[in-house]
Amino acid sequence: MAFTGIATVVYGAPDLTLAKKLFSDWGLKEASRGKTAAVFITGAGGQVIACPENTPGLPPRISEQSNFREIVWGVSDQKHLVALAENLARDRAVTLDKAGTLHTTDDSGVHIGFRLWKPAAIKAGNPTIYNQPRLRARVNAVGTTYARAAPHRIGHAAFFVPDVKVAERFYVKRLGFWLSDRYAGGAAVFLRHAARSDHHNLFMLKSRTGGIDLHHFAYEVNDVHEVFGGGLYFSRRQWATAVGPGRHPISSAYFWYFRNPLGGMMEYFCDPDFVTEKWQPHNYKMNRFSEWHLADGIHVPEGGPVRPSLAMAKAIDEAGKAAR
Ligand SMILES: [Fe+2]
């Protein structure tokens, strides 16, 4: 399959005005205005759509706590889209809408779709120049700063799933995704949609509840200066930090996560590892990973969503060790 990236993300929005402020403050461009839905786009043309909750045809929530509705993957050509439809229709309902987008669910129950989509080309810009102790490369010039972010693309999605192995099997065996890395003991898996790709486009974490939920969507920006510029601006607009700024031990990316009132989190990131068919997947131990702090960093309201704790992640790790 020839996937081109995350083409569309759909949320239900009880307050469309608030959703518009959210995505506008995030740095996305509003592509169309209307009472029916708000459509925002990244630099590459990926869409983030906020729909009123009673919109006909809107997929249902995947959890009580989240208003996430669907992720749509871009596909390069019609031949692949047809092949996907035939493949998935063997064992699940697949529908085709008027715009040519396929809609179905993955084996974990997450609403997924596919549509023809070609990301807009990246305009060549000046590379970020850093001064290091032994190399003063930027001379007589002030460093780059950003007043706010303008995310180029939606780089990856992350979901809580009841069984990480089931999720991995679906995306690798049925869709042809590639395994990048795993957390030991079935705690989580990093997948990518092409052999030559960013380290991950999809991150699946073991759910503590046995249910599914959105964890986050990540938006790529140019460099760490834009992570900071965007994060500081978004903070000043009164949106709450979930975790960060910081750096991932896996994938090497710099990040800043914010809470998304529509569900899960939103992440600015930059400088991810880029891997090829030569990449050898790791089976990492839990104690290395800051990603688990993300789950711990989310505020859990009384009676609200239950997120995996670091202690629970370590328990999974121990169980995995015992099983080996
Ligand atoms: Fe992420």
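## Two sheets and a shared core

Helix H2 spans residues 78-89, and its 12 residues reach 16 Å from first C-alpha to last, close to the 16 Å expected at 1.5 Å a residue. Bear in mind that this is a predicted model.

Which residues of H2 are buried? Leu81, Leu84 and Leu88 are. These leucines sit on the same side of H2, because they cover an arc of only 60 degrees around the axis. Turn to the face pointing away from that buried side and you meet the exposed residues Gln78, Lys79, Val82 and Glu86. As for what covers the buried residues of H2, the list includes strand S5 (68-75), strand S7 (102-105) and strand S8 (111-116).

**The wider picture**

Zooming out, the protein has 324 residues, and 46% of them count as buried. Its secondary structure comes to 6 helices and 21 strands. Take the contacts between residues at least 6 apart in sequence: 66% of them join residues at least 24 apart.

**The sheet of 8 strands**

S5, S7 and S8 turn up again in an open sheet of 8 strands, ordered S2-S3-S4-S1-S5-S8-S7-S6, with mixed pairing. Strand S2 (29-32) and strand S6 (95-96) stand at the edges with a single partner strand each, so one side of each has no neighbour in the sheet. Further in, S1 and strand S4 (residues 47-52) run parallel and are joined by 6 bridges. Ala13 has Pro52 in S4 as its bridge partner.

The segment before S1 holds Ala2. Buried or partly exposed, which is Ala2? Ala2 counts as partly exposed because it has 14 C-beta neighbours inside 10 Å, and being buried would take 20 or more. Ala2 lies 73 residues from Val75 in sequence, yet their C-alpha atoms are 5.8 Å apart in space. Leaving aside residues up to four places away in sequence, Ala2 touches Val75, Ser76, Asp77 and His80.

**The sheet of 9 strands**

Another open sheet has 9 strands in the order S17-S18-S19-S16-S11-S15-S13-S12-S21, and here too the pairing is mixed. Strand S17 (241-247) and strand S21 (282-284) are the edge strands, each pairing on one side only. From one strand to the next, the twist averages 20 degrees. Helix H3 (residues 164-174) packs on this sheet, where it touches strand S11 (153-161), S12, S13 and S15, and its direction makes about 10 degrees with that of S13. Helix H4 (residues 224-236) lies across S17, strand S18 (254-259) and strand S19 (265-270), running at about 150 degrees to S19.

S13 deserves a closer look. Strand S13 covers residues 188-192, and 5 of its 5 residues are buried. Side chains in a regular strand alternate between the two faces of the sheet. In S13 both faces are covered: Ala188, Phe190 and Arg192 are buried on one side, Val189 and Leu191 on the other.

Which strands does S13 pair with? One is strand S12 (residues 178-183), which runs antiparallel to S13, and another is strand S15 (residues 202-206), also in the antiparallel sense. S12 and S13 make a hairpin with 4 residues between them, and Gly185 in the turn has a positive phi of about 75 degrees. Across that pair, Trp178 stands opposite Arg192 in S13. On the S15 side, Phe190 has Phe203 as its bridge partner.

Here are three of the strand pairs together:

| Strand pair | Sense | Bridges |
|---|---|---|
| S1 and S4 | parallel | 6 bridges |
| S12 and S13 | antiparallel | 5 bridges |
| S13 and S15 | antiparallel | 4 bridges |

**The nonpolar core**

The largest nonpolar core has 80 residues, and the members that touch the most others are Trp73, Phe159 and Met204. Which strand gives the largest share of this core? That is strand S1 (residues 3-13), with 7 residues.

What does Met204 touch? Not counting residues up to four places away in sequence, its contacts are Phe159, Val161, Val164, Ala167, Glu168, Ala188 and Val189. Two of these names, Ala188 and Val189, have already come up as buried residues on opposite sides of S13.

Methods
Residues are numbered from 1 along each chain as its sequence is written. This is a predicted model: local features need pLDDT of at least 70, side-chain atom pairs count only at pLDDT 80 or more; totals for chains, interfaces and linings use all residues. A nonpolar core is a set of buried Ala, Val, Leu, Ile, Met, Phe, Trp, Tyr and Cys residues joined through C-beta atoms within 7 Å. A residue is buried if 20 or more other C-beta atoms lie within 10 Å of its own, exposed if 12 or fewer, and partly exposed in between; C-beta atoms are placed from the backbone. Helices (H or I, at least four residues) and strands (E, at least two) are DSSP runs, numbered from the N terminus. Two residues are in contact if their C-beta atoms, placed from the backbone, lie within 7 Å. The expected span of a helix is 1.5 Å times one less than its number of residues. The arc is that of the directions from the helix axis to the C-beta atoms. Two strands pair if DSSP finds at least two bridges between them. Axes are lines fitted to C-alpha atoms, for helices over the stretch in contact, and angles run from 0 to 180 degrees between N-to-C directions.
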